[in-house]
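Visitor: I'd like to go through this one with you. Can you put it up?

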Amino acid sequence: LQVGLEAVLIDPDRTQLVAALEKIAAAQEKAVAAGRLTPERRDDDWARLGSGLGAAPLGECDAVLIASPALLPEAIAATPPGVLLAMISAEPVAAGERAGDILGFRSGGARLAELVCNPQTAPGQVLMAAAVAQRLGLQVLRSAAPGGGPGRVMAAGREAVAHLLEQ
């Protein structure tokens, strides 16, 4: 919200959805009290925030960040082809149905987003995910599934150990 993007928060559990909205509201009220956010900007932010208990509102979105692989089928059903489906969980990026629209969008720390792409991920979806990350103030690292960046580091470590053992 702070960067001016529209957002829809979906959670099938009403209690968790309310708790998430309350957490956002509390953080914004704290920012208003500290002078880091004006009441007008807070109100503008809330005007860009939607919420729902089901995936139906996702049909109007250009990009969907999905927290759990269990929610992917519902997001696929609720969105038309061409909508970016970005998995923010640490699980492997799924291929298969709508593979061209799916990639991993992982936090690599406070200032880094790792985009984990399947071979089928459409270049336009990679560009959209990179634009979202940059709008959020994050640097972008693009890597290939499976494994992403950690997988590449582990593979390099295994190669180094193998090289040392050969000597």
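Visitor: Which residue follows helix 1, and what is the sign of its phi?
Guide: Gly-35 follows helix 1, and its phi is positive, near 80°. Helices here are DSSP runs of H or I with at least four residues, strands are E runs of at least two, and both are numbered from the N terminus. This is a predicted model, where local features need pLDDT of at least 70, side-chain atom pairs count only at pLDDT 80 or more, and totals for chains, interfaces and linings use all residues. Residues are numbered from 1 along each chain as its sequence is written, and side-chain values use heavy atoms, with hydrogens and water left out.

Visitor: What sits at the start of helix 1?
Guide: Asp-13 does: one of its side-chain oxygens comes to within 2.9 Å of the backbone nitrogen of Thr-15.

Visitor: Which residues of helix 1 are buried?
Guide: Leu-17, Leu-21, Gln-28 and Ala-31. Buried is under 20% relative accessible area, exposed is over 50%, and partly exposed is in between, with a 1.4 Å probe and protein chains only.

Visitor: Why do they line one face?
Guide: Looking down the axis of helix 1, the buried residues fall within an arc of 80°, so they share one face. The arc is taken from the directions from the helix axis to the C-beta atoms.

Visitor: And what is exposed on the other side?
Guide: Thr-15, Glu-22, Lys-23, Lys-30 and Ala-33 of helix 1.

Visitor: What covers the buried ones?
Guide: The cover includes strand 1 (7-10), helix 2 (39-47) and strand 2 (49-52), by contact, meaning heavy atoms within 4.5 Å.

Notes. A polar contact is a pair of N or O atoms within 3.5 Å; within protein, one must be able to donate a hydrogen and the other to accept it, and residues adjacent in sequence count only if both atoms are side-chain atoms.
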